[in-house]
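Welcome! Below is a short set of exercises to help you find your way around a structure you have not met before. Take your time with each task before you read its solution.

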Amino acid sequence: MKPWKVATVLGLAAFVLIVLVPFWWIATMSFKTYEQIQFAQSIYVPRPFTWENYTSLWLETRFPLWFRNSVVTAVVVTIITTVIACLSGYAVARLRFPGREVVATLILVLYLIPPALLFIPLYRVLAELGATNSLIALFLAYPTFTVPFCTWLLIGFFKALPAELEEAALVDGATRPQALVRVLLPLAAPGIVASAIFAFTLSWNEFLYALIFITDETAITVPVGLNLLIYGDVFHWGQLMAASVITTVPVVALYMFIHRWMVEGLAAGSVKG
Amino acid sequence: MLVVGLIVYPIYRAVWLSFTDKLVGYPERFVGLRNYIYLANDDAFHAVVRNSFVFTVSSVALKILTGLGMALVLHATWRWRNFFRGLMLLPWITSTVIVALTWRWMFDSFPGRGFFNSVLLDAGLLSRPLAFMATPEGAMLAVVIANWWRGFPFFGVSYLAGMQSIPGELYEAASVDGAGSWRRFWHITLPGLKHVIIVTTLLTFIFTINDFNIIYVMTRGGPGTATQVFATYSYEVAFNQLRWGRGVTISIFAVPLLVAGIALVSRYLLRERTA
């Protein structure tokens, strides 16, 4: 082999190890018994292999409830986001109205404002609306970051579609809403699916707002619940690892589905780091 | 409109709150600049500013370097490139809370849980477990590594896309002219990546200087104030000490920096969109 091939293989191996070792460490620990973890036995591969962390997590903790809350929040936020982002993305990409550029800039700026700046005042606003301590707070708060992001993404997708198709539909007597629903949306479907999956992932992973807006232990989402498990009962390490694995799997599955689109979106320089 | 309202109204409230001595349960009272003056003379806050910069600058620098390495390696990969690219993006799509918990366990001082202690003890390189996260430097290193690990794949993939858009003829011409691989990298690859490097650095700077999740989950800002940053300190003051006015003021201190970052990155991204 040529030297550059050897270097490439070594480099690849190094990066694959850096990425996979932490995942592998968590996954193996989730299949170890309490004793195996406590006494540092069979550190590299769990022997014997046990499912007890998964069964006890599911039967003895509130994890199923938190999981349900996370799913409900992510689905509701994804639907709200997709509807608003399709309409506003279309408006900015296609309709001619004064101040269009200003709106586009505003959307980008809104997306760049970090939640860490907004959490205290947003908490007060939601408290005044009586929306804290229930998932409704998250339904209202999450679109503040998912909508600007998905709109920004969809403006790009809509602009990339040829305008002639839509004009042809308008000439044939379709109204604008008809042209949007029948012609443009089906064509933009890959972009819309990608943006919906982004909205889902962002909501699924969100932590700061969920931590602050909800204190009732039956209404919290998985990331906050994980944080409770760690301080609530220090000894259930295996359960925590199992919970991390269960929480990561749905996102990885979705991601494998959109990997190609996601990389294209990334290439456009439009994604949070 | 509703979404704009949910962002703009809180910003207005934030600025107003920063001029009050709002304590939870008491009505707010206008105190002018007192919160700002208090923080400007507060040692804990000075540590927070310093930590935020150490945390942000070192993680961003690490991400740029390893991101370049990752992009070069992937660019040279001749088979299964998409597969490896997908695999390396995994840390970036994982929830930051889980990333933080994972690295907390990697660095745990208890051998059965901590990866580094387990492996080093098993290999006989250590005689007793090291408490990495109990020292200020160790804790800072741990949060920087966790942040780096989650973020570098984004840099790598962005740089790779940038490298793939550099025309191959440039390299061929340079080779004909006798340029070695190092000079080709320095004079063609790096200038070609300038735009994407600036955009990813600015974007990441904006989000890292305000990071909450990784630090809160891994160290809660400790030991002492060794890893306390803007967002975690603001949370601590607002929700544990219940001083909302002061809590908001802490995050407002980071605003001038953010405005500069946001203005720069918007200009770059909008230019790209219209080009």
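The exercises that follow deal with a predicted model, and each comes with a worked solution.

**Exercise 1. Find out how confident the predictor is in chain B, and where that confidence is lowest and highest.**

Step 1. Start with the whole model, which scores ipTM 0.83 and pTM 0.85.

Step 2. Turn to chain B, where the mean pLDDT is 83 and 89% of the residues reach 70 or more.

Step 3. Now go helix by helix. Confidence in chain B is lowest in helix H1 (residues 2–18), with a mean of 66, and highest in H3(B), at 92.

**Exercise 2. Describe the fold of chain B: how many helices and how many strands does it have?**

Step 1. Count the elements: there are 14 helices and 0 strands in chain B. Reading along the sequence therefore gives an unbroken pattern, α-α-α-α-α-α-α-α-α-α-α-α-α-α.

Step 2. Look at burial. Of the 275 residues in chain B, 46% are buried.

Step 3. Check how far apart contacting residues sit in the sequence. Taking the contacts in chain B between residues at least 6 apart, 67% join residues at least 24 apart.

**Exercise 3. Characterise the side of chain A that touches chain B.**

Step 1. Count both sides of the contact: chain A supplies 60 residues and chain B supplies 67 residues.

Step 2. Ask which element of chain A gives the most to this side. The answer is helix H14 (residues 237–267) of chain A, with 12 residues.

Step 3. Sort the chain A side by class, and you get 44 nonpolar, 14 polar and 2 charged residues.

**Exercise 4. Work out how two pairs of helices pack across the contact between the chains.**

Step 1. Recall what to look for: two packed helices are described by the angle between their axes and the distance between the axes.

Step 2. Take the first pair. Helix H1 (residues 3–30) of chain A packs against helix H3 (residues 43–76) of chain B at an angle of about 125 degrees, and their axes are 9 Å apart. H1(A) and H3(B) are therefore oblique to each other, and their crossing is left-handed.

Step 3. Name the residues. H1(A) uses A:Trp4, A:Thr8, A:Gly11, A:Leu12 and A:Phe15, while H3(B) uses B:Gly69, B:Met70, B:Val73 and B:Ala76. This contact has 6 nonpolar residues, 3 polar ones and no charged ones.

Step 4. Take the second pair. For helix H6 (residues 115–128) of chain A and helix H13 (residues 244–253) of chain B, the angle is about 160 degrees and the axes are 9 Å apart. Angles over 145 degrees count as roughly antiparallel, so that is the right description for H6(A) and H13(B). Their crossing is left-handed.

Step 5. Name these residues too. A:Ala116, A:Leu117, A:Ile120 and A:Pro121 of H6(A) meet B:Trp244, B:Gly247, B:Val248 and B:Ser251 of H13(B). By class they are 6 nonpolar and 2 polar, with no charged residues.

**Exercise 5. Explain why helix H12 (residues 230–240) of chain B is largely enclosed by the rest of the structure.**

Step 1. Count its buried residues: 9 of the 11 are buried, so H12(B) is largely enclosed. Among them are B:Phe230, B:Tyr233, B:Tyr235 and B:Glu236.

Step 2. See what surrounds them. The buried residues of H12(B) pack against H6 of chain A, and also against H3, helix H11 (213–218) and H13 of chain B.

Step 3. Finish just after the helix, where B:Leu242 follows with a positive phi, near 60 degrees.

Notes
Residues numbered from 1 in each chain as written. Chains lettered and ligands numbered in written order. Predicted model: local features only at pLDDT ≥ 70, side-chain atom pairs only at ≥ 80, totals over all residues. Contact = placed C-beta atoms within 7 Å. Helix = DSSP H or I, 4+ residues; strand = E, 2+ residues; numbered from the N terminus. Nonpolar A, V, L, I, M, F, W, Y, C, P; charged D, E, K, R; others polar. Buried ≥ 20, exposed ≤ 12 C-beta atoms within 10 Å, placed from the backbone. Axes fitted to C-alpha atoms, helices over the stretch in contact; angles between N-to-C directions. Parallel < 35°, antiparallel > 145°, perpendicular 65-115°, else oblique. Left-handed = near helix turned anticlockwise from the far one by under 90°. pLDDT = per-residue confidence, 0-100.
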